[in-house]
Amino acid sequence: MSPFDEVRTQYKTYRDPTRLSYLYNRCAALQLNVSALLQRKGEKKGAQDFEALAQHYMVLSEANEREIDKKRGLKSKDTMKTVQRNVGTVSEVYSKRLKNNYAKRGEFIVGDAQLEAELAECNLPEVFKKKALAQ
């Protein structure tokens with residue numbers, strides 16, 4: 001997957017509002033993967049916090065998708081189901097990357113500069129949102 005800055009730069013020219021949904025979905029997927037890792041370690045509180053943050057990103061994505069549909073004159077139907085499906089797809093990609101990182105380094109995230117940077121960004125949703133909208 002392309003780093004967040006690359007995605008933001010790529011879509012800057014096009015002013016494509018779906019880029020926001022994609023970035024929100026990426027954060028949601030990453031947060032869900034971290035939540036699952038913490039759950040397996042028995043760290044329930046941390047897992048719940050990451051899951052709540054993932055839900056926050058999915059709500060942001062849903063609101064963005066509804067706004068896109070509204071501008072296109074479309075009625076939003078099952079928008080959250082679509083968001084969840086998209087997050088699931090991206091989540092699988094992150095899951096594979098985390099497993100590969102673990103196989104190489106013995107750590108799921110540490111040592112993978114892109115994963116570390118993306119998790120740091122996604123942990124600050126308001127800053128992330130402003131940065132995504134600034135492009």
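# Notebook: a first look around an all-helix chain

**Entry 1, the whole chain.** I began with burial: of the 135 residues of the protein chain, 39% count as buried. I should say at once that I am looking at a predicted model. Next I looked up the secondary structure and found six helices and zero strands. Read along the sequence, the pattern is α-α-α-α-α-α.

**Entry 2, overall form.** I wanted to know how the chain fills space. Its C-alpha atoms take up a box of roughly 50 × 30 × 25 Å along the principal axes. I then checked the radius of gyration: a compact globule with 135 residues would have one near 14 Å, and the protein chain has 15 Å, which agrees. I also looked at contacts between residues at least 6 apart in sequence, and 63% of these join residues at least 24 apart.

**Entry 3, helix α1.** Which residues of helix α1 are buried? In this helix, residues 4–12, I noted Phe 4, Val 7 and Arg 8. Looking down the axis of α1, I saw that its buried residues fall within an arc of 100°, so they line one face of the helix. I then asked what the buried residues of α1 pack against. My list has α2 (18–40), α4 (79–105), α5 (113–122) and α6 (125–134).

**Entry 4, the largest pocket.** I turned to open spaces. The largest pocket has a volume of about 190 Å³. Going round its lining, I wrote down Pro 17, Leu 20, Tyr 24, Leu 60, Ala 63, Asn 64, Glu 67, Ile 68, Lys 71, Lys 129 and Leu 133. The elements that give two or more residues to this lining are α2, α3 (44–71) and α6. Helix α3 provides the largest share, six residues. Sorted by class, the lining of the largest pocket holds seven nonpolar, one polar and three charged residues.

**Entry 5, Asn 64.** I picked one residue from that lining for a closer look. Asn 64 sits in helix α3. Is Asn 64 buried or exposed? I found a relative accessible area of 13% for Asn 64; buried means under 20%, so this residue is buried. Leaving aside neighbours within four places in sequence, Asn 64 is in contact with Pro 17, Leu 20 and Ser 21. Two of the names I had already met: Pro 17 and Leu 20 also line the largest pocket.

**Entry 6, Lys 45.** For another view of α3 I chose Lys 45, which lies in that helix. Its relative accessible area is 57%, and exposed means over 50%, so Lys 45 counts as exposed. I also looked up how Lys 45 stands to Ser 35: the two are ten residues apart in sequence and 9.5 Å apart in space, C-alpha to C-alpha.

**Entry 7, the second largest pocket.** My last stop was the second largest pocket, with a volume of about 160 Å³. Which residues line the second largest pocket? I listed Val 34, Leu 37, Leu 38, Lys 41, Gly 106, Glu 107, Phe 108, Ile 109, Val 110 and Leu 119. Here the largest share, three residues, comes from α2. By class, I noted seven nonpolar, one polar and two charged residues in this lining.

Conventions:
Residues are numbered from 1 along each chain as its sequence is written. This is a predicted model: local features need pLDDT of at least 70, side-chain atom pairs count only at pLDDT 80 or more; totals for chains, interfaces and linings use all residues. Side-chain values use heavy atoms; hydrogens and water are left out. Buried means under 20% relative accessible area, exposed over 50%, partly exposed in between (1.4 Å probe, protein chains only). Helices (H or I, at least four residues) and strands (E, at least two) are DSSP runs, numbered from the N terminus. The arc is that of the directions from the helix axis to the C-beta atoms. Contact means heavy atoms within 4.5 Å. On a 1 Å grid over the protein atoms alone, a cavity is a set of points where a 1.4 Å probe fits but cannot get out, and a pocket is an open set with protein on both sides within 12 Å along at least five of seven lines; lining residues have an atom within 4 Å of a point. Grid points are joined across faces, edges and corners, and a volume is the space filled by probe spheres set on the points. Ala, Val, Leu, Ile, Met, Phe, Trp, Tyr, Cys and Pro count as nonpolar, Asp, Glu, Lys and Arg as charged, and the others, Gly among them, as polar. The radius of gyration is taken over C-alpha atoms; the globule rule is 2.2 Å times the number of residues to the power 0.38.
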